[in-house]
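The exercises below are meant to be worked through with the structure in view. Try each task before reading the solution that follows.

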Amino acid sequence: MTEPILEATDLVKTYKMEDVEVRALRGVSLAVRPGEFVSIMGTSGSGKSTMMNILGCLDRPTSGSYKLAGREVSKLGRGDLATVRNKVLGFVFQSFNLLARTSAQENVELPMVYAGVGAADRRERAIAALEKVGLGKRLDHTPAQLSGGQQQRVAIARAIVNRPKVILADEPTGNLDSRTSIEIMALFQELGRSGITIVLVTHEPDIAEFTSRVVMMRDGKVLSDVTQTPVDAREALANLKEGE
Amino acid sequence: MNLFSTFRVAVLALLLNKMRSFLTVLGIIIGVGSVIAMVAIGEGAKAEVQRAFDKMGTNLLVIRSGSAQTSGVRGGAGSQPTLLWTDVDAIRKETLYVTKVAPSLRQNVQILGEGKNWTTSAEGTTPEYFEIRNWTFQYGGPFNEQDVTTKAKVAVLGGTVVDNLFGNPADAVGATVRINNVPFEVIGVLARKGQSANGMDADDVVMVPAGTFAAKVQGGLRQYLGGSIYVGAATPDDTRRAQAEITALLRARHKLRDDEPDDFTVSSLAEAASARQEGTETMTRLLAGIALVSLLVGGIGIMNIMLVSVTERTREIGLRMAIGARPGDILVQFVIEAVVLASVGGLLGVALGFGVATYLSNEFGWATKIDPQIVALALGSSALVGVGFGLYPAHKASRLDPIQALRYE
């Protein structure tokens, strides 16, 4: 059994909102092994977003431990967390979060800028990443010139360009139609096959079907944690074509 | 994140809002521009005054005899002759910083020529006097040392005297004039100098050799020199040193005890010049004050727009943080943006100042002088304003919570 790449133990997160104390996480433990494709599901208020923020090193737990790639990160300061996010993680958001009026290539180069990669290297790697997501011909397009699915591909290229160990995707298909959603899931599956660990938050069961493990959350706790055989997104796409 | 990419990002961000960026720095443009223009005019005026004084000879000292005191009534400077003829030679030989020395004896005389007469001031001196005072000749030239020793009856006329005696100035050289009824040959006509420092007509004068003056114009006072001594030095600094040297030398020669006051005065034109300069100096300081105020106002404008920019770009900041920007990276990014903004304003302001100064000097003939130091100062302080007023918005941006920033609508 391989060491988990991502190991959260007894995570508790409480927010103080004015006078009311909100307990977003009430002791969540989760271990993800390298190469797993995990989806975290739950209704709004279930704590899945908070979980995602902590797993993404954007937030720190009130208590509990979180080991990322063997390193305890739950107590790190803002600067160190930024470095961890830059080197170990890749983010994909629901609303893409690309820089407007900036070309696809430059958007993809951004994480490498903060990693201190030289300009020539950045260019080369950004182009390679964009080719990998199928946008090798749209390097100069700005987000406004791209469709939603293409924008999300740029965001995925940006997430993988620094060669992260884990990709965290927060409702990556939330703003996409069902066909494009499946295309994006196919891309994730392809990345998963190349060895990257992917954790995805969604509230759509059909999206979770494409992942190999579904963690259901409710009221700040893990309700169920099921390993499954994922639906192959390429086949789903083929079926979709037949149906048309 | 390296500095070059940061600069590039800053410039691109500012270019996205060209009009807004321009309006933001307008305060700095106008502030810096007006200061550059005003200082150019001020410096120009200062240089003009300096030139005027240089023409009169700022490196010039005038030594006069002290005041006489009879029954408690004190006469003015020169009322009692205390300077000796030998003092002139002593100053020439026993000082380091004095380059030229000439005595000057004055007497009002009547002068006749071509049947007309005129009352003017006759001055007896030596050839060095013309050099000390930077006097040049329109026609002819000065008398020489030999004329002084042989008491030659030669004279150099000022422009006003020529005007009053001769119809044509060119006819003057070689003509004979009579000073107190003694015939003198005119050997030179001085170039016109206009008004002197104290408002007198500097061209209303007739110069004769000192020896001739004592023999034919005004009887001498034996060993005493009945006038003043003009001294020239190489530079303004040397002039100051020469002043101290002469004072010490003359005190020793006149055998004054330590508790006795000087029996002579050494005055310099440089003192008068520096008094004039002080006026423009005050003006310059006033302008610097205005510059400071306008830079402050411009800085507040920059801070304001940077705060707007931070708010507008909250999501961008959140994203940059999420993908690995450290708080320091964000801070530097926004500070640099403010610095670029302010510096561009400073540069445009300098250009505006140049333009206004050039226009004024071309259109109205005003003397202007652009001081590179002021330009550097203006640019430097603009950039500093950028840092100062960009720091707070940048700090605010760097303290944003990435989660909230990403969620910001």
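**Exercise 1: Two packed helices**

Find which residues of α6(A) and α8(A) meet, then describe how the two helices are arranged.

Solution. Begin with the contact itself in this predicted model: on the side of α6(A) it is made by Arg179(A), Ile182(A), Glu183(A), Met185(A), Ala186(A) and Gln189(A), and these meet Ala233(A), Arg234(A), Ala236(A), Leu237(A) and Leu240(A) of α8(A). Sorted by class, the residues of this contact comprise seven nonpolar, one polar and three charged.

Next, take the geometry. Two packed helices are described by the angle between their axes and the distance between the axes. Helix α6 of chain A spans residues 178–193 and helix α8 of chain A spans residues 233–243, and they pack at an angle of about 155 degrees with their axes 8 Å apart. Angles over 145 degrees count as roughly antiparallel, and α6(A) and α8(A) are therefore roughly antiparallel to each other. Their crossing is left-handed.

**Exercise 2: The six-stranded sheet**

Work out the order of the strands in the open sheet of six strands in chain A, and state which strands stand at its edges.

Solution. Reading across the sheet, the order is β6-β7-β8-β3-β9-β10 of chain A, and the pairing is mixed. The edges are held by β6 (89–92) and β10 (221–227) of chain A; each has a single partner strand, so one side of each is left without a neighbour in the sheet. From one strand to the next the twist averages 20 degrees.

Now look at one pairing in detail: β6(A) runs parallel to strand β7 (residues 166–170) of chain A, and four bridges join them. Within β7(A), Ile167(A) is the bridge partner of Gly90(A). Helix α6(A), met in the previous exercise, packs on this sheet and touches β3 (37–41), β7 and β8 (197–202) of chain A, with its direction at about 150 degrees to that of β8(A).

**Exercise 3: The four-stranded sheet**

Describe the open sheet of four strands in chain A and the helix that packs on it.

Solution. The strand order is β2-β1-β4-β5 of chain A, with antiparallel pairing. Its edge strands, β2 (20–32) and β5 (71–72) of chain A, each pair on one side only. Strand β1 (residues 6–17) of chain A pairs with β2(A) over ten bridges in the antiparallel sense, and in β2(A) the bridge partner of Glu7(A) is Ala31(A). Finally, helix α1 (residues 48–55) of chain A packs on the sheet, where it touches β1, β2 and β4 (63–68) of chain A, and its direction makes about 120 degrees with that of β1(A).

Conventions: Residues numbered from 1 in each chain as written. Chains lettered and ligands numbered in written order. Predicted model: local features only at pLDDT ≥ 70, side-chain atom pairs only at ≥ 80, totals over all residues. Pairing = 2+ DSSP bridges. Contact = placed C-beta atoms within 7 Å. Axes fitted to C-alpha atoms, helices over the stretch in contact; angles between N-to-C directions. Parallel < 35°, antiparallel > 145°, perpendicular 65-115°, else oblique. Left-handed = near helix turned anticlockwise from the far one by under 90°. Nonpolar A, V, L, I, M, F, W, Y, C, P; charged D, E, K, R; others polar.
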